[in-house]
Amino acid sequence: MLIYMLATAMTVAMLIATVFGLHQEAQRVRAKANAKRFEGFGNRRPYRRF
């Protein structure tokens, strides 16, 4: 009985750790996408002559 309770506790702990890791990864990807969406004005040269 004790081994089943330990296995259940470890399974729940690993599920929580997995969800937390996925959440952190999603936040990192979202922050990277937001930074890439707005890169400033790039190589804009308004007074360039042709």
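A salt bridge here is a side-chain nitrogen of Lys or Arg within 4 Å of a carboxyl oxygen of Asp or Glu. This predicted model holds one such contact. The side chains of Arg28 and Glu25 form it, at 2.6 Å from N to O. The protein chain has one helix and zero strands.

**Overall fold and surface**
- The protein chain has 50 residues, and 0% of them count as buried.
- About 5400 Å² of the protein chain is exposed.
- Carbon and sulfur atoms supply 67% of that area.
- Helix H1 covers residues 2–37.

**The salt bridge**
- Arg28 and Glu25 both sit in helix H1.
- Three residues separate the two positions, about one turn of the helix.
- Side chains of opposite charge can pair when their charged atoms come close.
- The 2.6 Å N to O distance between Arg28 and Glu25 falls within the 4 Å limit, so the pair counts as a salt bridge.
- Arg28 has 47% relative accessibility and counts as partly exposed.
- Glu25 is also partly exposed, with a relative accessible area of 39%.
- Neither value is under 20% or over 50%, which means that Arg28 and Glu25 are classed in between.

**The nonpolar patch**
- Leu2, Ile3, Tyr4 and Leu6 make a nonpolar surface patch.
- The patch measures about 490 Å².
- Tyr4, one of its members, is placed in helix H1.
- Tyr4 counts as exposed because its relative accessibility is 61%, and the cut-off for exposed is over 50%.
- Patch residues need over 30% relative accessible area, and Tyr4 has 61%.

Technical notes: Residues are numbered from 1 along each chain as its sequence is written. This is a predicted model: local features need pLDDT of at least 70, side-chain atom pairs count only at pLDDT 80 or more; totals for chains, interfaces and linings use all residues. Side-chain values use heavy atoms; hydrogens and water are left out. Helices (H or I, at least four residues) and strands (E, at least two) are DSSP runs, numbered from the N terminus. Buried means under 20% relative accessible area, exposed over 50%, partly exposed in between (1.4 Å probe, protein chains only). Accessible areas come from the Shrake-Rupley method with a 1.4 Å probe; for residues, only the protein chains shown count as cover. Patches are made of residues with over 30% relative accessible area and no salt bridge: like charges are joined within 9 Å, nonpolar side chains (Val, Leu, Ile, Met, Phe, Trp, Tyr) within 5 Å.
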